[in-house]
Amino acid sequence: MLKTIDKIELRFLEISDYPALKELMMESYSAMKDSYWPEETIATLIEKFPDGQVAITVNDEVVGCALSIIVNYSKFGDNHTYPEICGENYSFDTHDPDGDVLYGIDVFIGTSYRGMRLGRRIYDYRKELCENLNLKAIIFGGRLPNYHLHAKELTTKEYIQEVKLKKVYDPVLTFQLSNDFHVKKVMRGYLPGDKASKDYACLLQWDNIYYEAPSKSTPVSQKEYVRVGLVQWQMRPYNSLEELIEQAEYFIDAVSGYRCDFVLFPEFFNAPLMAAYNDLSESAAIRQLAKFTESIRDRFQELAISYNINIITGSMPIVEDETLYNVGYLCKRNGESERFVKLHPTPDEVKVWGMSGGNELKVFDTDCGKVGILICYDVEFPELPRMLADQGMNILFVPFLTDTQNGYSRVRHCAQARAIENECYVVLAGSVGNLPKVHNMDIQFSQSAVFTPCDFAFPTNGIKEEATPNTEMILISDLDLDLLKELHRNGSVQNLRDRRKDLYEVRWRKRVSE
């Protein structure tokens, strides 16, 4: 019977702990020939890598231990044995402070203290150590101590699958799977003399999602927080392109002053320039508007450089080979620019303007990670953001233009769903006001917003920021990319990981642009 527990502590291992360790090892590995490490081996590990050797105590009594080293994993690869990892005569000369993987040498908990989640505390420490040292992963060979009970009716592959499905219990593998390790491969002859495992072991791995590979090229700071600025644009008459650019620069200046990384403009924010062509048909007027698009793009590119901000230009019409498209540009602060295009024109855009849909879909690499951009109606098609998410998108920008509240609600609710489905941030900006002298652009309704997934680290309603409805303003929001990494791995639900790809898939008939 356990004593009353007054204190549980995780601390670095000391050589004075050895007598207690020896007893624990003999208890834990009683079925194995060499059931405990010699004292000089423990001393060697403490000397070489003190941070990797920890003990867990209950009421100041050592009841568990974890031993580990750092290795250059490329020297061993996946086909290695335990003695090879430990070095000749278990010297641990394989420990490499400049290595890239934290390798687990041993973990054991006294039998009287199992079931108290002490092992989880040890592994939480190992994971934190791996992250702090910027190592790729934690790897080790996990024994299968109950396999001998099932070896006659199950292959190792079948045994592992049964353990995953919780039809069979294995004290090592069941625990490791519950701590987010995955089976990389099955190894035979990993630990000589392990009769209970029938000489088999699983190569288990936990990936450090925060790992940053050293770069030999020009160093690039990977942002953990991305600050975005949204422009809720007021539609008002402009007498010239210069007046429109002057108003746009006003907002870019303001948003840049808050050190934003991106500024997002709405769909067709340049529509007021069509007032000069109101004597023409709607389809002819928007083709006149398209003549400004390249000039606006060039001016925005200059502003992106001068204000040190990535500008998403909203969208504008363009005519190519006599076909009308709705396009926008990502003008990067490094001087580059890339184009995005609306794939799904609305029925009204087709009927009134003769708009056609494009065929380009891609994620954009930026100095703040991978982003996607979909124009208005496109966000109502869940396949598109899903394909972008599969390419690593963290933030989805949605410039939109809606005239009525029900049209806005479609965009808003679909955008919120995309944030949940794809475990990403969704940022949308629209226009407000009215243009009585521009046909088919009379009124606008907008409430720009930033949406998040719905999990403990995010707002409970999935709404991070909202603008005041139908009011010209800017909205600033900080997006924590590390929260997305945590969500992908440890979320309450995992929409991306849990897809049944054995039953269905979303694919692009035309090759997705790289």
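Which residue in β15 is the bridge partner of threonine 366? The bridge partner is glycine 369, as the first view shows. The model is predicted, so that local features need pLDDT of at least 70 and side-chain atom pairs count only at pLDDT 80 or more, while totals for chains, interfaces and linings use all residues. Residues are numbered from 1 along each chain as its sequence is written, and side-chain values use heavy atoms, with hydrogens and water left out.

**View 1. An open sheet of six strands with mixed pairing.** The strand order is β14-β15-β16-β17-β20-β21; strands are DSSP runs (E, at least two residues) and helices likewise (H or I, at least four), numbered from the N terminus. β14 (364–366) and β21 (463–466) are the edge strands, each pairing on one side only. Two strands pair if DSSP finds at least two bridges between them. Between β14 and β15 (residues 369–373), three bridges are found, in the antiparallel sense.

**View 2. The buried residues of helix α5 (residues 156–164).** Thr156, Tyr159, Ile160 and Val163 are buried, that is, under 20% relative accessible area (exposed is over 50%, partly exposed in between; 1.4 Å probe, protein chains only). Seen down the axis of α5, these residues fall within an arc of 95°, so they line one face of the helix; the arc is that of the directions from the helix axis to the C-beta atoms. They pack against α6 (173–178), β6 (182–188) and β7 (200–207), where contact means heavy atoms within 4.5 Å. Lysine 166, with a positive phi near 60°, follows α5.

**View 3. The salt bridge of arginine 333 with aspartate 261.** A salt bridge is a side-chain nitrogen of Lys or Arg within 4 Å of a carboxyl oxygen of Asp or Glu, and the count by this rule is 28. In this pair the closest N and O atoms are 2.9 Å apart. Arginine 333 lies in the loop between β12 (323–331) and β13 (337–341), and aspartate 261 in the loop between α7 (241–257) and β9 (262–264), 72 residues apart. Both residues are buried.

**View 4. The salt bridge of lysine 342 with glutamate 267.** The closest N and O atoms are 2.9 Å apart. Lysine 342 lies in the loop between β13 and α10 (347–353) and glutamate 267 in the loop between β9 and α8 (282–289), so the pair ties together parts 75 residues apart in sequence. Lysine 342 is buried at a relative accessible area of 1%, and glutamate 267 is buried at 1%.
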